[in-house]
Structures are given as structure tokens and as C-alpha cells.
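Let us walk through this structure step by step, beginning with individual residues and moving on to a helix and to charged pairs.

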Amino acid sequence: MYNPIKTLKTNTIGTLNMLGLAKRVGARLLLASTSEVYGDPEVHPQTEDYWGHVNPIGPRACYDEGKRVAETMCYAYMKQEGVEVRVARIFNTFGPRMHMNDGRVVSNFILQALQGEPLTVYGSGSQTRAFQYVSDLVNGLVALMNSNVSSPVNLGNPEEHTILEFAQLIKNLVGSRSEIQFLSEAQDDPQKRKPDIRKAKLMLAWEPVVPLEEGLNKAIHYFRKELEYQANNQYIPKPKPARIKKGRTRHS
């Protein structure tokens, strides 16, 4: 939402470039698609044959529609050019080495709880999400790439929680005294999100195995260490000086 044009270009031109490369070298392409292709779903839980409910001109459309057309491109190249594609519809994922300021709900809540700031919940907090740990996702992606399944596959944890429950859980795991602050609801924010993973279970023999609290504790530990490191290492990078070579100024 911060840079919708770049988001659209990455999902469209970027995918097109990679499909062209896959065609030239005979590679199998993995598209990291998203549960956002389902938009604000009217079907719950979401199965792979659900077409979705997306606002094509809303603030989230650059990502939602960008991923939807990326999937369209994959299957056009598969049908017309014989390119092998694997499409993973990835649901909310978290874990160590997330970017602390990426704006996603897990990183927001952990950072706010660790810093003693209010945990910001948009709307009533009754919206539901399903969170999977990163190692489960990686195992699912590897299984998908090693399979013969060319149609889209949901990869996510079907354990559903409200955003308010999730905020309270992170607050408790951190041991934070932060309050929960309710802000106005974001436009087109999906009200429910839960993957139906029967296809992944049946065709990939895959399902998530890392319990939510175990994964969150690992993510919290990582964020805590990162904050400590930043506090102790206030390093300000300086530009490299120009070096002179053969009478010309060159910059490293």
C-alpha cells in the first residue's frame, strides 16, 4: 500500500520476466502466491477452487490483483509454452528474521509489546487469521516443488484466531504491560482467513507441525535480541571516499 505501482510491477513484470527465463532454460517455476487472492472471502474456510472476493480498485488491490494476474500468467505460460509451474497460496507466516518494521501484524504486535507501546488493533479485533511458522512453510514449498501438482495449493495453518486473541497471546508471551489500543478499521480488511489444507495433506503429505506458541517464542526471542543489538550498536554508515585512478575520480 506504501508503493502500489512498484508492487504491481513486481507481481506482473517480475513474474513475466521469470516465466520467460523458465521457458528459455526449461526450468520449473515456483510462484509464491498468497491467500490474498481470496480477498475478503464469502467462503470459509478457503479452498483452492474458490475464485475469491476482491475489490479491484481498493487500497489492497495492487497486491491482491497483482498476485491474481501473476497466477494467470503462470497458467498461460504452462498451457501455451509448456512451462512447468508450481503455485503456492501462502497464508500468514512468521518466524525469526522477519523484518521488524514490515508492518505485518506479528511483527507489529511483538515490537510494540517488547517496547511497552500499545498494541494497535484495527477495528474490533474480531477479524480472524491463521498463522504458520516459517519452517512449516519451507517444508511445504519443497514438497510442492518436488511434486507433480501444477494446480494451486494452499499452504497455511488452519488453526484460526481472532486478531484480539492474538494480541493478548503475544502480550502474555512477552510479559508486557502494554495496553491494547483500538483504531479505526482498515478499508477492505478481510474479516476471515482460514486455509482448507486437505489438498496439501492428500497430494503433498504436508501439514504444519510447529505449535503457535513455540513459533511465537522463537520469533519473540529473535526480536528481543535484535532490539538489544540495535541499542548497543548505534552504527551510522558513512559514504566511501572517492579513489583516484589514472586521473579519473571513481566512486566505490
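In which element does R89 lie? In this predicted model, R89 is part of strand β2, and with a relative accessible area of 9% it counts as buried, since buried means under 20%. The polar side of its surroundings can be described through two partners: the side chain of R89 reaches the backbone oxygen of E48 at 3.0 Å, and it also makes a polar contact with the side chain of E71, at 2.7 Å. Leaving aside residues up to four places away in sequence, R89 touches S33, T34, S35, V37 and Y38, as well as E48, Y50 and E71, and further along the chain P152, V153, N154 and L155.

From the strand we can pass to the loop between β2 and β3, where F91 lies. F91 is buried, its relative accessible area being 2%. Which residues does F91 touch, if those up to four places away in sequence are not counted? Among them are S35, Y38 and Q46, then A130 and Q132, then N154, L155 and G156, and finally R193, K194 and P195. As for G156, its C-alpha atom is separated from that of F91 by 4.8 Å, although the two residues are 65 apart along the chain.

Helix α4 offers a view of packing at the level of whole elements. This helix covers residues 134–145, which makes 12 residues, and from its first C-alpha to its last it reaches 17 Å, close to the 16 Å expected at 1.5 Å a residue. Its buried residues are D136, L137, G140, L141 and L144. Why do they belong to the same side of α4? They cover an arc of only 135° around the axis, and this is what puts them on the same side of the helix. The elements against which these buried residues pack include the strands β1 (28–34), β2 (84–90) and β3 (93–94), and the list continues with β6 (132–133), β7 (153–155) and helix α6 (198–204). Strand β2, which holds R89, is thus one of the elements packed against the buried residues of α4.

Charged side chains provide the last part of the picture. Side chains of opposite charge can pair when their charged atoms come close. The count of salt bridges in the model comes to 13. One of them joins K23 to E81, with the closest N and O atoms 3.4 Å apart; because K23 lies in helix α1 (residues 4–25) and E81 in helix α2 (residues 61–81), the pair ties together parts that are 58 residues apart in sequence. K23 is partly exposed, at a relative accessible area of 44%, and E81 likewise counts as partly exposed, at 35%.

Is each partner in the salt bridge between R198 and D196, where N and O are 2.7 Å apart, buried or exposed? R198 counts as exposed at 60% relative accessibility, whereas D196 is buried at 10%. A further salt bridge links E207 and K201, whose closest N and O atoms are 3.7 Å apart; here E207 is partly exposed at 44% relative accessibility, and K201 is partly exposed at 42%. Finally, E36, R60, R129, D189 and R193 are linked in a network of salt bridges, and R193 is also one of the residues that F91 touches.

Key. Residues are numbered from 1 along each chain as its sequence is written. This is a predicted model: local features need pLDDT of at least 70, side-chain atom pairs count only at pLDDT 80 or more; totals for chains, interfaces and linings use all residues. Side-chain values use heavy atoms; hydrogens and water are left out. Helices (H or I, at least four residues) and strands (E, at least two) are DSSP runs, numbered from the N terminus. The expected span of a helix is 1.5 Å times one less than its number of residues. Buried means under 20% relative accessible area, exposed over 50%, partly exposed in between (1.4 Å probe, protein chains only). The arc is that of the directions from the helix axis to the C-beta atoms. Contact means heavy atoms within 4.5 Å. A polar contact is a pair of N or O atoms within 3.5 Å; within protein, one must be able to donate a hydrogen and the other to accept it, and residues adjacent in sequence count only if both atoms are side-chain atoms. A salt bridge is a side-chain nitrogen of Lys or Arg within 4 Å of a carboxyl oxygen of Asp or Glu.
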